[in-house]
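Biologist: I should like to learn how to read the packing of nonpolar and aromatic side chains in a model. Could we take one case together?

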Amino acid sequence: MKISIKNILFFLFLLVFQLLILDQTSINIFINPYIYPLIIILLPFEISGWLLLISAFILGFVVDVFNGTVGLHMFATVGMAAFRPLLINLFSLQKLDNNNSLNIKSLGLIVSGSFIGILLFIHHVLYFVLESFSFANFHFLILRIVLSTLVSLLLCMLLLLIFKNNNKGNER
């Protein structure tokens, strides 16, 4: 498993951006973008299951502490992390990418976006269902999940494209 200093700095940037910018701004009642799950999504494909789940647990716990939510982010992040190996096998990402991590350049925008989008959708379903703890306003819940997932996916893809462009510039 290889996690470079650049990736650690990018992960810290994502976490700080989530906690200090996105969580403090109210875009809309239906839109709550969460980009911090990208940290778990971008971990190397070969990471062991227990380490992936513990990483997701700690990340969710940190976000819960800063947001004052008791276990919501932790539950959603660990749940999403549990589905990650299944999706890696489903998309055959280990065979497609030699870097052993998610790479938009080698996997393409559609495959990378689909992989990230499905995991973000799982995260958002778990989070918003547990947050509402009811299906009384089912239409509101579905609309909130879909819109928040789409905005989160858009932000994640933009950040990845910006980050990858910066890496490309540094390699020259």
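Modeller: Let us begin with the core of this predicted model. The largest nonpolar core holds 45 residues, of which Phe10, Leu38, Ile40, Ile41, Leu102, Phe115 and Ile116 touch the most other members. Two or more residues each come from α1 (5–22), α2 (38–41), α3 (49–67), α4 (72–91), α6 (104–107), α7 (109–132) and α8 (138–171).

Biologist: What is the general idea behind such a core?

Modeller: In soluble globular proteins, nonpolar side chains tend to be buried together.

Biologist: Which residues does Ile40 touch, leaving aside those up to four places away in sequence?

Modeller: Ile40 is in contact with Leu52, Ser55, Ala56, Leu59, Thr77, Met80, Ala81 and Arg84.

Biologist: How should a pair of aromatic rings be read?

Modeller: Such a pair is described by the distance of the centres and the angle of the planes. A search of the whole structure gives 7 aromatic pairs. In one of them, Phe13 and Phe17 are stacked, at 5.7 Å centre to centre with 25° between the planes. Both residues belong to helix α1 and are 4 residues apart, about one turn of the helix.

Biologist: Are Phe13 and Phe17 buried, partly exposed or exposed?

Modeller: Phe13 is partly exposed because its relative accessible area is 40%, and Phe17 is also partly exposed, at 23%. Tyr34 and Tyr36 form an edge-to-face pair, with 6.2 Å between centres and 80° between planes. Tyr34 counts as buried at 7% relative accessibility, and Tyr36 is buried at 0%.

Biologist: Which residues form one aromatic cluster?

Modeller: Tyr34, Tyr36, Tyr127 and Phe128 do so.

How values were computed
Residues numbered from 1 in each chain as written. Predicted model: local features only at pLDDT ≥ 70, side-chain atom pairs only at ≥ 80, totals over all residues. Heavy atoms only, no water. Core = buried A, V, L, I, M, F, W, Y, C linked by side-chain atoms within 4.5 Å. Buried < 20%, exposed > 50% of the residue type's maximum accessible area, 1.4 Å probe, protein only. Contact = heavy atoms within 4.5 Å. Phe/Tyr/Trp six-rings, centres within 6.5 Å; stacked < 30°, edge-to-face > 60°.
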